[in-house]
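Let's take a walk through this model together, beginning at the ligand and working outward to the chain around it. Keep the 3D view open as you read.

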Amino acid sequence: MSAFGQDVDAVTLHAVDPLDRGQDRLTQGWHRVYQRALQETYGSTAAGWSQEEVRVQFTHQEYERRAAWAAVRDDAVVGHAQLILFVADNTHFAKLHVAVDPAYRRRGIGSALLRVLEDAARAAGRTVLVGHSDVLFGHDDPAAGFAESAGYARGQANLRSDLLLPPRRDLEAELGASSADYELLTSWGEIPGDWLEQRARLAAHMSTAAPRGDVDVQEERWNVERARRVRRTMLDQGRQVVETVARQRQSGLLAGYTTLVVPAGRPELSLQWDTFVLSEHRGHRLGLHLKVANLLALHHALPAVERVVTWNAAENEPMRRVNRAMGFVPVGHHTEWQKAFT
Ligand SMILES: CC(C)(COP(=O)(O)OP(=O)(O)OC[C@H]1O[C@@H](n2cnc3c(N)ncnc32)[C@H](O)[C@@H]1OP(=O)(O)O)[C@@H](O)C(=O)NCCC(=O)NCCS
């Protein structure tokens with residue numbers, strides 16, 4: 001029995017603090033189980049957080065509070081759990097993740113970790129818990145039986161889609177046909193000061209713009225400080241960030257934005273972050289033009305990137321149409337699982 005937790009089939013549960021250097025071995029093992037579970041699905045194209053990126057997330061907890069636990073057996077970490085609590089909004093909500101080493105599954109370790117997460121979420125006054133799972137098309141999702149047996153229901157079905165680079169040549173021509181009413185402006189790194197305020201407002205709209213099915217989320221509260229800090233966290237993680245915005249020439253208003261990131265140590269991989277166009281500016285193909293302009297900027301500056309990965313709600317037909325036009329191909333399911341406490 002450990003000082004931190006309970007025995008499950010000779011397994012002890014430990015709280016993990018990735019910022020405590022004295023726990024480096026525990027943290028490494030905790031992260032390895034998470035990474036292995038992702039690689040089990042996507043192999044070398046898995047797109048998770050590196051250990052260093054997670055460490056930076058734990059140093060920036062202004063908007064998301066984090067807690068972690070590891071299941072340890074015979075001095076080796078065999079289970080991973082993490083809880084994320086939103087601070088500025090969605091204070092009814094908690095995100096969680098559980099992963100168990102494949103050799104130790106079906107022994108109750110996942111359930112024990114889940115109980116610790118649920119107890120911590122309840123103690124923090126949260127009433128809605130959301131986890132997620134990933135599976136390639138044509139495979140069984142090991143999380144489905146687990147989540148359902150623990151009382152979670154499918155909240156939102158998303159798709160992962162991948163685009164192989166270099167970009168198709170005709171994409172540049174597509175950009176030539178963009179609306180003369182808007183200018184497309186691209187920047188790297190920090191969000192430029194002269195559009196920071198508008199960009200923060202767009203991020204708030206974005207937080208509820210994409211379909212979330214039954215997942216019980218409320219609009220996030222964004223301001224200049226939050227937009228700046230969230231970007232800073234990414235940059236502190238060593239991520240390269242490129243963003244394109246569409247600015248209406250006549251009014252100077254930002255109509256939309258899109259963001260791509262390239263993680264440190266993964267020069268071959270880019271992750272498509274948000275893409276958003278305000279509803280009153282839709283219908284001008286801005287979504288496609290934003291994404292194409294941003295992709296071409298990425299490709300010219302970082303030609304080593306071979307693959308862009310994106311996630312969309314399965315029913316988000318406008319976004320999926322843009323992705324199809326760019327050459328993205330759906331490769332797997334990303335399911336959000338939700339449980340509400342009464
Ligand atoms: C999902 C996961 C964490 C389950 O871990 P685990 O330690 O095997 O879970 P448990 O042993 O506590 O399983 C509890 C119950 O869940 C159900 N369950 C778990 N895995 C299952 C599977 N592959 N098929 C069907 N039911 C399953 C069963 O009812 C099981 O009880 P039983 O073994 O007595 O029948 C593990 O498969 C995993 O790491 N998957 C990859 C990461 C992931 O998708 N995490 C997201 C979770 S939301």
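In this predicted model, the ligand has 19 residues around it, and those that come nearest are V98, V100, R106, G110 and S111. Two of these residues also make polar contacts through their backbone. At V98, a backbone N or O atom lies 2.7 Å from a nitrogen atom of the ligand. At V100, a polar backbone atom is 2.7 Å from an oxygen atom of the ligand. R105 takes part through its side chain instead: an N or O atom there is 3.2 Å from a ligand oxygen atom. As for how much of the ligand is covered, it exposes 910 Å² when taken alone, and the protein buries 75% of that.

Where does this ligand sit? The space it takes is the second largest pocket.

Now zoom out a little to see which elements build the shell around the ligand. At least two shell residues come from each of β5 (93-100), α3 (109-123), β6 (128-136) and α4 (142-149). Of these, α4 gives the most, with 5 residues. And what is the chemical character of the shell? Its residues divide into 8 nonpolar, 8 polar and 3 charged.

Stepping back further, the UniProt record, an unreviewed entry, lists residues 11-172 as "domain: N-acetyltransferase". Across residues 11-172, the chain is 33% helix and 35% strand, and the C-alpha atoms at the two ends are 56 Å apart.

Before you close the viewer, have a look at two spots in the backbone. As background, most residues other than glycine have a negative phi, and most peptide bonds are trans. D74 has a positive phi, near 50°, although it is not a glycine; you will find D74 in the loop between β3 (64-73) and β4 (76-86). The other spot is the peptide bond from L165 to P166, which is cis, with omega near 10°. To locate P166, go to the loop between β7 (153-164) and α5 (170-176).

Conventions: Residues are numbered from 1 along each chain as its sequence is written. This is a predicted model: local features need pLDDT of at least 70, side-chain atom pairs count only at pLDDT 80 or more; totals for chains, interfaces and linings use all residues. Side-chain values use heavy atoms; hydrogens and water are left out. A residue is near a molecule or strand if one of its heavy atoms lies within 4 Å of it. A polar contact is a pair of N or O atoms within 3.5 Å; within protein, one must be able to donate a hydrogen and the other to accept it, and residues adjacent in sequence count only if both atoms are side-chain atoms. Accessible areas come from the Shrake-Rupley method with a 1.4 Å probe; for residues, only the protein chains shown count as cover. On a 1 Å grid over the protein atoms alone, a cavity is a set of points where a 1.4 Å probe fits but cannot get out, and a pocket is an open set with protein on both sides within 12 Å along at least five of seven lines; lining residues have an atom within 4 Å of a point. A molecule sits in a cavity or pocket if more than half of its atoms lie within 2 Å of its grid points. Helices (H or I, at least four residues) and strands (E, at least two) are DSSP runs, numbered from the N terminus. Ala, Val, Leu, Ile, Met, Phe, Trp, Tyr, Cys and Pro count as nonpolar, Asp, Glu, Lys and Arg as charged, and the others, Gly among them, as polar. UniProt positions are given in the numbering used here, feature names are shortened, and annotations may be inferred rather than shown by experiment.
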